Amino acid sequence: MAAGGLEKLLVANSSDIFPRQRKTTLPGGYMGRILRVDLNSGSMKDENLPEEPMLRKFIGGQALATYILLRELPLDAKPYGPENKVVMMTGPITGTGFTPGGTKVTAVYLSPLTNHTLGRGAASGFWAVYLKAAGYDGIIVEGAAPKPTYLYINEGRAELRDASSAWGKGATETEDRLRAEVGIKDAKVMCIGPAGENLVHAAMLCNDYNHNAAHSGGAVFGSKKLKAIVVHGTARPPLYDRARLIEAGLRWRKTLMVRHEAEKRTAGHAVDLGAAPNFNFRSTVIEESHIEGFDKNRVTLRPCFQCQRLCPWDVELKSGNHSGTVGHFNAGSEWLDTFYNLGVRGNDALYLAQRINDLGIECSHFSCGVGVAFEAWEKGLLNAEKTGGLKFEWGNVEVIDRLLDMAARREGYWGNLLAEGPVEVAEAIGGDAPKWVVHTKKGTPALHDWRPHFGQMIREIVASGGMKPQGGGSVNPPPDLKYREKWGPLDRNDPAGWSWSNALSEQYRQFCGLIGGCWFAQMHMKPDGLNSMIDSFNATTGWNFDIDQALEAGHRSAMLQSIFGTQRGWIAEHDWKDVGARFLEPVPDGKHKGFTIAKWLPELVYEYHRLMGRHEKTGRPFMDTLKKLGLEEFQEWAQLD
Amino acid sequence: MNEKYGNLIPTGQLLDGKPRTILFDAIKCIGCRQCVHACKDWNDHPRTTVFEISSSNWITMEPPVLEGLSPLWARNSCMHCEYPMCAAVCPVEAITKYEEGPVVIDPNVCIGCEYCIYACPWGVISKDDLTHKASKCTMCSDRMSEDKSPFCVQACPVGALDFGLQEEVSAKARTRAQEVGGYVYGEKEAGGTQVLYVLKEKKESYGIRSVGPQKYPKHKISLPLMLKDLFTLRCGLQGKVRALYLAIIHPRRLLYRYWPWRQVV
């Protein structure tokens, strides 16, 4: 290949991103360094954070990480090739201690679930705080190690260590072992379980017991033989205006909708949504049996670093067949709906949830796959001969337990199929099975029954595929954005306004992530919910963003995400065409019976892309959009007419 | 204050002179350590280990296991004694008892003799490795002078920490103890402290020390340390001169420092 051709193929030219010597002042909140780790050679290098104008544009988190990836990742990279990279970034408010939700790290990479869109996993807890305490704002992982390895960063010094003692172990045990191995009780561990090691496409990154960054990051770590990253340090980010940050942080805190122990004894988010997925999304009814035994369990709230929203919790099961099991969970309760969907109820669901988190499989990936297989069994498409003697019956805890192990270790026919994904499971079963799958672009939505709700469904459908999307407008527009008039009625039976609501909420949630905040702690529904967050960011960095600039930063991040897909073959039509049929079926029963957004497709998707400044069918950004966002350098990917 | 303390320990006033108290409710505590980090954040301490008391970690939550992994939690930090032995043994009078409650070490006066470290019945004073000065919780005296509650208290996400006027908090503590079938710790210990705990189980189960009701409890400063201090230039000439001067003008204090079997006031 001619040298010119090679250059075109490898867009890796990032020397202008990371200055050798800073010419501009580092804004507050940043540590100033990114660690670049080459697992091929075992070499490591400190990169300076970009100059102030570039930082101001991308801030951190997903936007800065994606920009680095866009600049460095070859267009012909394969998800499991050593050329794939994982770029992990925190944001300026991560680890200040003075705001709720200042806990976020976002990892981006080419997704092995879709092979052509951006994969992203974001985690809260403590890990990101201690990465900054160790002196780094982010990490770029390149290459692949010859043998199981973990990265240990302590007080600004990084080294690669042998991870063979932890290889094959679950996430919780890995965390304990590696913490003991480095001999520092305060060290924080982000690791993969057996699922990541065995390239289950939707393997997660697991950290701080209760936290998982889902959507394939674990599989990419596994392909690089990187078992974990252990961080420890004592540094704290410099702050531009500490007093103002404390004041803004307290205001932010007042907007939080604090969670309570009692909520942890309910059926979780399914209650809010008014629907639980049952029997592969064929019933939405929540019954008493769903929460059987929950009232007897010992529940402890286990909040993230300095966040008072109290999402994560631990449980000790006090009844049922697995009494004594200790589980570590975060908010969201996808893992609960995961097993409700397979007919499991009560404490058995919590037991299996702890197992799946420990193995490191993204729960929806497993549930949507097994759901189809169980339905096929029920309908006679599968029998014991085809399942290796396993009875694929709803609620069969032993079989599901076994399938979890098989999937995580790619054991046998079914283990491999489930590791591949629900679409592959359905295709292998054949017959009508492909019509029973819930998926979006081969990834799976966070496992809840989102079907009764406009905002959430648009969000799931336009997401980057297998990546937890941001957005999802609610029926109440954010009070801080009331000045924008185009909210539409936001009626649950009328499509008007929902696409715009999703576009806006995607933007402010993206912004929250970019600054290092957790969007579970970002409360748009309350007055001051957005303003207090932006003020905290300004006080930390010394910049002076208004709400429009904040939304623009979020918009820019969303645009980088779609450009990444555009470069690799994603078009907007995939958003509504490449969706599992079951996901678009009318709600089968319950209080939202009969509702579906399918009758308003593709118009809703078209409208969303138009409002975001993209072509409705190709998904390419218009030149005007790129100019507005200062992304002209990507003009070759623009829609030109 | 003068009636209560004479010139035994330095005293001062931050705000309105009304005594205040921190309340720790062990039944509500979930062991999240947000108070521990908040303390570090407010005082701009480095993120050193949260499992041990040090000059950059003024609170620990016991037992020293990861957040959430114990059914019982207790706070371990300065109790802000009403009759603080640390202040009584300090040869340079660097430790002040404020009327509002805080017992505060002035790092500019401290000479690093370590007496207070051994005098503290709860073992919550430590020496800064860099400055060699004694260091501990200040009850956020800086915030208190602005009529704000201690930063750890406002950080607690489950309301296990409370703060207010001593009478009100004592009453609250007793009511709460009654409600949960527990008891109040800190009302009698060392003659009374300005941090109260509501506990349910035995003290030992929380890893909390048993401290007698004696005011200015006996100290554990070792004889070799005292001899070293008296007969060498440890802690610097300036410190010695100041200590000598204060010994001359406040001779009663020597009783507390060198004769632990002394009469109790």
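## Strand partners and a chain contact

In strand 2 of chain A, Arg33(A) has Asn48(A) as its bridge partner. The model is a predicted one: local features need pLDDT of at least 70, side-chain atom pairs count only at pLDDT 80 or more, and totals for chains, interfaces and linings use all residues. Residues are numbered from 1 along each chain as its sequence is written, while chains are lettered from A and ligands numbered from 1 in the order in which they are written.

**Exercise 1.** Work out how strand 1 and strand 2 of chain A are joined.

Start with the terms: strands are DSSP runs (E, at least two residues), numbered from the N terminus, and two of them pair if DSSP finds at least two bridges between them. Next, look at residues 33-38 (strand 1) and 43-48 (strand 2) of chain A: they run antiparallel, with six bridges. Finally, check the link: four residues sit between the two strands of this hairpin, and Gly42(A) in the turn has a positive phi of about 80°.

**Exercise 2.** Find the strand order and the edges of the open sheet of three strands in chain A.

The order is 13-14-15, with antiparallel pairing. Strand 13 (298-301) and strand 15 (326-329) of chain A are the edges, as each pairs on one side only. Now zoom in: four bridges hold strand 13 of chain A against strand 14 (residues 313-316) of chain A, and Arg298(A) stands opposite Glu316(A) there.

**Exercise 3.** How many residues of chain B are in contact with chain A?

Contact means C-beta atoms, placed from the backbone, within 7 Å. By that rule, 15 residues of chain B touch 18 residues of chain A.

Note on methods: Two residues are in contact if their C-beta atoms, placed from the backbone, lie within 7 Å.
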